[in-house]
Amino acid sequence: MATRGDGGECDRHLSSPAIALGAVLMAVSLAGLVGACCRVTWLLWVYLLAMFALIVALLGFTAFAFAVTNRGAGETVSGRGEYRLGDYSTWLRRHVGSSKNWDKIRSCLAGADVCRSLQDRNETWAQFVADDLSPVQSGCCKPPTSCNFTYGGGTRWGKTARLSSADPDCDEWSNDADEVCYGCRSCKAGVVAALKRDWKRVAIVNVVFLAFIVVVYSVGCCAFKNSRRDSVHRRSGGWKQAGYA
């Protein structure tokens, strides 16, 4: 997620927690393994409590991820997929659109050269329409279709006379490779669309992961039960053969 190069990596609010979750899960799993193999009851207690907290947290996050990604999709205009900020959930819009977050994302987009792959292309309009652009490229690397600009190849567009009530993004567009449409609402919408796509994928994976974790948790409960039974027998002075006839 951090290196795919389509601009979605510029919002790390999903990848960073995923890395932290992996580290915590590894530590908890090691504790459970040692507790089960060495019959260390207190480590199994730690393991089961931590796994229970993890299951609850994953359930909450999965429900939240589905809630914030249940609306919004690209609209096909003149053969191109375009994105509108108002089509997405309020939380995603606020998350990306806040001044603090957007300044970082915009700087990252410019530094990541998200639009560079389009700059040197000498394509016809028909070829450009046929290109498979990512949501970020569609929102940030070209002006909205409503601006009626003339395509000049790459990221070069010619401005034409238009009504004063046209999309305000039209005034934000620049043929400067370092600016393009990074200040446009359509660019924010493209980033939101990429973020929605990532969160939706993670939510689906989480459902499968949760099912696996529940199975592992059940095995951990059995190991804990066996460990406690062994501890009781050791404290009572050994196995009572009569009880296992």
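This briefing covers the disulfides, the free cysteines, the surroundings of T62 and a nonpolar surface patch in the structure above. The model is predicted, and every value below is computed from it. With a disulfide taken as a pair of cysteine sulfur atoms within 2.5 Å, the count comes to four; three of the pairs are described here one by one, among them the pair of C115 and C141.

**Disulfide C115–C141**

- The sulfur atoms of C115 and C141 lie 1.9 Å apart, and the two residues form a disulfide.
- Because the torsion about the S-S bond of C115 and C141 is about -85 degrees, this disulfide is left-handed.
- C115 sits in the loop between α4 (99-111) and α5 (116-119), while C141 sits in the loop between α7 (135-140) and β3 (150-151), so the bond ties together parts that are 26 residues apart in sequence.
- As for solvent exposure, C115 and C141 are both buried.

**Disulfide C140–C187**

- C140 and C187 are also joined in a disulfide, with 1.9 Å between their sulfur atoms.
- The torsion about the S-S bond of C140 and C187 is about 85 degrees, and therefore the disulfide is right-handed.
- This pair links distant parts of the chain, since C140 belongs to helix α7 and C187 to helix α9 (residues 185-235), with the two positions 47 residues apart in the sense that they are 47 residues apart.
- Both partners are hidden from solvent by the criterion used, C140 being buried and C187 being buried as well.

**Disulfide C181–C184**

- In the disulfide formed by C181 and C184, the sulfur atoms are 1.7 Å apart.
- The S-S torsion of C181 and C184 is about -85 degrees, so this disulfide is left-handed.
- C181 has a relative accessibility of 0% and therefore counts as buried, and C184, at 0% relative accessibility, likewise counts as buried.

**Cysteines outside any disulfide**

- C37 takes part in no disulfide, and the nearest cysteine sulfur to its own, that of C38, is 6.2 Å away.
- With a relative accessibility of 58%, C37 counts as exposed, because the cut-off for that class is over 50%.
- C38 is in no disulfide either, its nearest cysteine sulfur being that of C37 at 6.2 Å.

**T62 and its surroundings**

- T62 is located in helix α2 (residues 41-68).
- The relative accessible area of T62 is 7%, so this residue is buried, the limit being under 20%.
- A polar contact joins the side chain of T62 to the side chain of N206, at 3.4 Å.
- When neighbours within four places in sequence are left aside, the residues in contact with T62 are A203, N206, V207 and L210; N206 is thus listed here and is also the partner in the polar contact.

**Nonpolar patch on the surface**

- F66, I204, V207 and V208 form a nonpolar patch on the surface, and together these residues have about 350 Å² of accessible area.
- Helix α9 supplies the largest share of this patch, namely three residues.
- V208, one of the patch residues, is found in helix α9 and is exposed, with a relative accessible area of 58%.
- V207 belongs to the patch and is also among the residues in contact with T62.

Key: Residues numbered from 1 in each chain as written. Predicted model: local features only at pLDDT ≥ 70, side-chain atom pairs only at ≥ 80, totals over all residues. Heavy atoms only, no water. Helix = DSSP H or I, 4+ residues; strand = E, 2+ residues; numbered from the N terminus. Buried < 20%, exposed > 50% of the residue type's maximum accessible area, 1.4 Å probe, protein only. Polar contact = N/O pair within 3.5 Å; in protein donor to acceptor, adjacent residues only side chain to side chain. Contact = heavy atoms within 4.5 Å. Patch = residues over 30% accessible without salt bridge, like charges linked within 9 Å, V, L, I, M, F, W, Y side chains within 5 Å. Areas by Shrake-Rupley, 256 points an atom, 1.4 Å probe, with all protein chains shown as cover. Salt bridge = Lys/Arg side-chain N within 4 Å of Asp/Glu carboxyl O.
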